[in-house]
Amino acid sequence: MEPVRFTFLNGSDIEQLELTDTEILDAVEAGLRAQGLGETVVEPRVHLTPDPAFNGHFNVLRGYVAPLALAGVKIVGDYVDNYRQGLPSEMALLNLFDPRTGMPVAVLDATAITEMRTGALTALGARHLARPDAKVLGHIGARATSYWNVRLLDRIFDLSEIRVHSRRPESREAFAERLERDLGKPVIVTDDWKTCVQGADIVVEASRLERPEPLLKTEWIAPGSLVVPYGTNSAVELSLTDIMDKIVVDDWGQAHAGPFGALRAHVDSGRLDKSTLHGELGEIVAGRKPGRESADETNLFWHRGLSLSDIALGAAMLKKAEERGLGQKLRFS
């Protein structure tokens, strides 16, 4: 039997790929379209908490994308206090397999993949659910995925006002400096949640709360805006869903499962169920359901994070790595 080999892409390889914003958005959108057309299998994520004292857990995401002929499993650690050791809060590995034989195809450092695809989901949700003329962004949170939220939203909307806030002053200041440098436009650093989000056209809540706490007040949300909450622990009030015209998720199967998520209490209390859900983003991307239909709609997009997006972006990286001669071929058996 011929030796079985797989491709390994480390963080340096992925950095050298120099994926453009358009390449990232196109790859993730292709995964969403496949989902909307029923060409995927996605299993709800599962979690492993080794010890509560470590203040972190692992997320395990699993999926299959038929048009790409790939199945994948991503394991990502989510450790809130990692900044104290100079480490990212989220580090990940993506394992890709041939779905016909189960043989390994590739292993990728998925830390950047997680950051990029999360930002792409936020931006693609906004493309379909925010007003096309949205110009003011209020962004809570300064973790790694936050950068890609803002960068890719700006790519689509060419924002005129970007406001950011996070719990630690040094974190939000550094976040704003990086954005100003890379986007070439001013960023407003706010000292509180209200100043950051009140009246914004697009509100993104990517906080890092240790426990659910309703810090984002429903009364601050402007009519006609889009709210994208995706913190691990909820930072919104129960009344938030009451003002929404459309509520969209990335995958309903995982949205109503598991102990975490920004709208966990809304699902558990029955405020959000199949009858009040407009649909999944993939259905909108595939043209099976409408996105925003009027300027005065107030919409919400809740994404938990899709294995399909990891697989789609990983596949795009593999293709570009082959073109550029990057990565290592490792022997499996």
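**Helix 2 and the aromatic contacts**

Just after helix 2, Gly38 adopts a positive phi of about 75 degrees. The model is predicted.

Helix 2 itself covers residues 21-36. At 1.5 Å a residue, its 16 residues should span 22 Å. The C-alpha atoms at its ends are 22 Å apart, so the expected span agrees with the model. The buried residues of this helix are Asp21, Ile24, Leu25, Ala27, Val28, Glu29, Gly31, Leu32, Ala34, Gln35 and Gly36. In an α-helix there are 3.6 residues a turn, so residues three or four places apart point the same way.

Aromatic rings were examined next. The count comes to three aromatic pairs. One of them joins Phe58 and Tyr79. The ring centres are 5.8 Å apart, the planes meet at 70 degrees, and the pair is edge-to-face. This pair links distant parts of the chain. Phe58 belongs to strand 3 (residues 56-65) and Tyr79 to strand 4 (residues 70-79), with the two 21 residues apart. Phe58 counts as partly exposed because its relative accessibility is 27%. Tyr79 has a relative accessibility of 16%, so Tyr79 counts as buried.

Tyr147 and Trp148 form a pair with ring centres 5.4 Å apart. Their planes lie at 90 degrees, so this pair is edge-to-face. Both Tyr147 and Trp148 are buried.

Charged side chains also meet aromatic rings. Arg178 lies over the face of Tyr147, at 3.5 Å from the ring centre. Tyr147 thus has a ring paired with Trp148 and a face covered by Arg178. The charged end of Arg168 sits over the ring of Tyr83, 3.8 Å from the centre of that ring.

Notes:
Residues are numbered from 1 along each chain as its sequence is written. This is a predicted model: local features need pLDDT of at least 70, side-chain atom pairs count only at pLDDT 80 or more; totals for chains, interfaces and linings use all residues. Side-chain values use heavy atoms; hydrogens and water are left out. Rings of Phe, Tyr and Trp (its six-membered ring) pair if their centres lie within 6.5 Å; planes under 30 degrees apart count as stacked, over 60 as edge-to-face and the rest as tilted. Helices (H or I, at least four residues) and strands (E, at least two) are DSSP runs, numbered from the N terminus. Buried means under 20% relative accessible area, exposed over 50%, partly exposed in between (1.4 Å probe, protein chains only). A charge sits over a ring if NZ of Lys or CZ of Arg is within 6 Å of the ring centre and within 35 degrees of the ring normal. The expected span of a helix is 1.5 Å times one less than its number of residues.
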